[in-house]
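Good morning, colleagues. I shall take a few minutes to go through one structure, beginning with charged side chains and moving on to aromatic ones.

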Amino acid sequence: MGVPDVSGDGSIPKEVILEDKTELEQIRLIQQLEDEDKQTIFRLVEKMLTNKKFKDFFAKNAAAL
C-alpha cells in the first residue's frame, strides 16, 4: 500500500513555516483553516495585542513617574 494522497497532487505535504511567507500568504493560509481553528488563532492574537498595549502603556507611564 502506498502513502495516501492528502495533498491533492500526489506529493507528501511539507511543513508550513509562516515566517517564510509574506503577510498576504500568511493570511491566505490562515483563511484555509477550519472556522474553529481560525477563531482560536484570532483570540490568541487579540490577547497578545492587548497584552502588548498594556505593557507599552505601563512602560510609558512608569517612565513618567
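Lys38 and Asp35 are joined by a salt bridge between their side chains, with a nitrogen-to-oxygen distance of 3.4 Å. I should say at once that the model is predicted. Both partners belong to helix H2, where Lys38 and Asp35 are three residues apart, about one turn of the helix. As general background, side chains of opposite charge can pair when their charged atoms come close.

Is each partner buried or exposed? Lys38 has a relative accessible area of 13%, and it therefore counts as buried, the limit being under 20%. Asp35 stands at 55%, so it is classed as exposed, for which the value must be over 50%. This salt bridge thus pairs a buried lysine with an exposed aspartate.

What else does Lys38 touch, once its neighbours within four places in sequence are set aside? The contacts of Lys38 are then Ile30, Gln31 and Leu33. The burial of Lys38 can be set against the chain as a whole: of its 65 residues, buried ones make up 3%.

How many salt bridges does a search of the whole structure find? The search returns two. Besides the bridge just described, Lys52 forms one with Asp56, and here the closest N and O atoms are 2.6 Å apart. Lys52 and Asp56 also lie in helix H2, four residues apart, which is again about one turn of the helix. With a relative accessibility of 46%, Lys52 is partly exposed. Asp56, at 39%, is partly exposed as well.

One further lysine deserves a word. Lys21 is located in the segment before helix H1, which covers residues 23-31. Lys21 is partly exposed, its relative accessible area being 33%. Apart from neighbours within four places in sequence, Lys21 is in contact with Val16, Gln26 and Leu29.

Let me now turn to the aromatic residues. How many aromatic pairs are there? The count is two. In one pair, the ring centres of Phe54 and Phe58 are 6.2 Å apart and the ring planes meet at 20°, so the pair is stacked. The reasoning rests on two cut-offs: centres must lie within 6.5 Å, and planes under 30 degrees apart count as stacked. Phe54 and Phe58 are both found in helix H2, residues 35-63, at a spacing of four residues, or about one turn of the helix.

Phe58 is exposed, with a relative accessible area of 51%. The other pair joins Phe57 to Phe58: the centres are 5.4 Å apart and the planes stand at 70°, so this pair is edge-to-face. The angle that decides the matter is one over 60 degrees.

Taken together, these ring pairs link Phe54, Phe57 and Phe58 into a cluster. How accessible are its other two members? Phe54 has a relative accessible area of 48% and is partly exposed. Phe57, at 46%, is partly exposed too.

These residues also appear in a description of the surface. Phe54, Phe57 and Phe58 form a nonpolar patch there, and their accessible area together is about 350 Å². For the chain, the accessible surface is about 6,500 Å², and 59% of that belongs to carbon and sulfur atoms.

I end with the overall secondary structure. What does the chain contain in helices and strands? There are two helices and zero strands. Helix H2 carries the salt bridge partners Lys38 and Asp35, the partners Lys52 and Asp56, and the stacked phenylalanines Phe54 and Phe58. Thank you for your attention.

Methods. Residues are numbered from 1 along each chain as its sequence is written. This is a predicted model: local features need pLDDT of at least 70, side-chain atom pairs count only at pLDDT 80 or more; totals for chains, interfaces and linings use all residues. Side-chain values use heavy atoms; hydrogens and water are left out. Rings of Phe, Tyr and Trp (its six-membered ring) pair if their centres lie within 6.5 Å; planes under 30 degrees apart count as stacked, over 60 as edge-to-face and the rest as tilted. Buried means under 20% relative accessible area, exposed over 50%, partly exposed in between (1.4 Å probe, protein chains only). Accessible areas come from the Shrake-Rupley method with a 1.4 Å probe; for residues, only the protein chains shown count as cover. Contact means heavy atoms within 4.5 Å. Patches are made of residues with over 30% relative accessible area and no salt bridge: like charges are joined within 9 Å, nonpolar side chains (Val, Leu, Ile, Met, Phe, Trp, Tyr) within 5 Å. A salt bridge is a side-chain nitrogen of Lys or Arg within 4 Å of a carboxyl oxygen of Asp or Glu.
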